Amino acid sequence: MDLRNCRKCGRIFGYSGVGPVICENCKKEAEERFQKVKDFIRDNPATSINDVAEECEVTVQQIKQWVREERLEFSKESGVVFHCENCGAPIRSGRFCENCKNQMANELGNMYEKPKPKNTAPLKIGHEEDRMRFMGKKK
């Protein structure tokens, strides 16, 4: 574990090498803001992303980040629509639509070639054409 400065508040803290470079206090504050946004969306399903940001005092970018991480999902009534990063299809959470997720999973699964069985045909021994020849000698 090494010492780093928190990117939010500037305090020095022991960084474990996992996750964002922010201290425990800032992580706790971020999680509290997330819970506030999540509760607000649950209580007001038809609200827009700008209204959520204004009401909960967070940035629209932060809300979009939580949606990309699949931590938040807006209802159909809200009118908030995101687009698949691969095909552009409308989605409500994450980065990719279900079709693109399935296609990527299949492509990853097909990347590795299945092992082929070894050729176990017996070697032909004793045939005249398979023998070693020497130049200038007759048998």
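## Starting from Ile-49

Ile-49 is a good place to enter this structure: beyond its neighbours within four places in sequence, Ile-49 is in contact with Val-60, Ile-63, Lys-64, Phe-74, Val-80 and Phe-82. The residue sits in helix H2. Is Ile-49 buried or exposed? With a relative accessibility of 12%, Ile-49 falls in the buried class, because the limit for that class is under 20%.

One of those partners deserves a second look. Between Ile-49 and Phe-74 there are 25 positions in sequence, and their C-alpha atoms are 8.6 Å apart in space. Please keep in mind that this is a predicted model, so every value here is computed from predicted coordinates.

## The chain as a whole

Stepping back, the protein chain has four helices and four strands. Reading from the N terminus, the order of the elements is β-β-α-α-α-β-β-α.

How many of the residues are buried? The chain has 139 residues, and 24% of them count as buried. The exposed surface comes to about 11,400 Å², with 51% of it supplied by carbon and sulfur atoms. Among contacts with a separation of 6 or more, 26% join residues that are 24 or more positions apart.

## Where H2 meets H3

Helix H2 has helix H3 as a partner. Their axes come within 9 Å and cross at roughly 115°. H2 is therefore roughly perpendicular to H3. The crossing of H2 past H3 is right-handed.

Which residues make this meeting? From H2 come Ile-49, Asn-50, Val-52 and Ala-53, and from H3 come Val-60, Ile-63 and Lys-64. Ile-49 thus returns here as part of the H2 side, and its own contacts include Val-60, Ile-63 and Lys-64.

## Two nonpolar cores

The largest nonpolar core has 20 residues, and those touching the most other members are Val-37, Val-52, Ile-63, Leu-72, Phe-74 and Phe-82. Two or more residues of this core come from each of H1, H2 and helix H3, which spans 60–68. Apart from it lies another core of seven residues, including Phe-13, Tyr-15, Ile-22 and Cys-23.

Leu-72 gives a closer view of the larger set. Setting aside neighbours within four places in sequence, Leu-72 is in contact with Phe-34, Val-37, Lys-38, Ile-41, Ile-63, Trp-66, Val-67, Arg-92 and Ser-93. Two of these partners, Val-37 and Ile-63, are also among the core residues that touch the most other members.

## Loops around the helices

Thr-47 lies in the loop between helix H1 (24–43) and helix H2 (49–56). At 12% relative accessibility, this loop residue counts as buried. Which residues cover Thr-47 from further along the chain is a matter of its contacts: not counting those within four places, Thr-47 is in contact with Phe-40, Val-52, Phe-74, Ser-78 and Val-80.

Two further loop residues stand out for their backbone. Glu-57, in the loop between H2 and H3, has a positive phi of about 60° without being a glycine. Glu-57 is exposed, at 67% relative accessible area. Glu-70 is likewise not a glycine, and its phi is near 65°. The loop that holds Glu-70 runs between H3 and strand E3 (82–83), and with 46% relative accessibility Glu-70 counts as partly exposed.

## The N-terminal strands

Phe-13, a member of the seven-residue core, belongs to strand E2. Phe-13 is buried, with a relative accessible area of 12%. Leaving out residues up to four places away in sequence, Phe-13 touches Asp-2, Leu-3, Arg-4, Asn-5, Cys-6, Val-21, Ile-22 and Cys-23. Met-1 is twelve residues from Phe-13 along the chain, with 9.7 Å between their C-alpha atoms.

Arg-7 is found in the loop between strand E1 (2–5) and strand E2 (12–15). Is Arg-7 buried or exposed? Its relative accessible area is 69%, so Arg-7 is exposed. Beyond neighbours within four places in sequence, Arg-7 is in contact with Val-21 and Ile-22. Arg-7 and Cys-23 are 16 residues apart in sequence, and the distance between their C-alpha atoms is 8.2 Å. Ile-22 and Cys-23 are both members of the seven-residue core, and both are touched by Phe-13.

Technical notes
Residues are numbered from 1 along each chain as its sequence is written. This is a predicted model: local features need pLDDT of at least 70, side-chain atom pairs count only at pLDDT 80 or more; totals for chains, interfaces and linings use all residues. Side-chain values use heavy atoms; hydrogens and water are left out. Buried means under 20% relative accessible area, exposed over 50%, partly exposed in between (1.4 Å probe, protein chains only). Contact means heavy atoms within 4.5 Å. Accessible areas come from the Shrake-Rupley method with a 1.4 Å probe; for residues, only the protein chains shown count as cover. A nonpolar core is a set of buried Ala, Val, Leu, Ile, Met, Phe, Trp, Tyr and Cys residues joined through side-chain atoms within 4.5 Å. Axes are lines fitted to C-alpha atoms, for helices over the stretch in contact, and angles run from 0 to 180 degrees between N-to-C directions. Angles under 35 degrees count as roughly parallel, over 145 as roughly antiparallel, 65 to 115 as roughly perpendicular and the rest as oblique. A crossing is left-handed if the near helix is turned anticlockwise from the far one by less than a right angle, and right-handed if clockwise.
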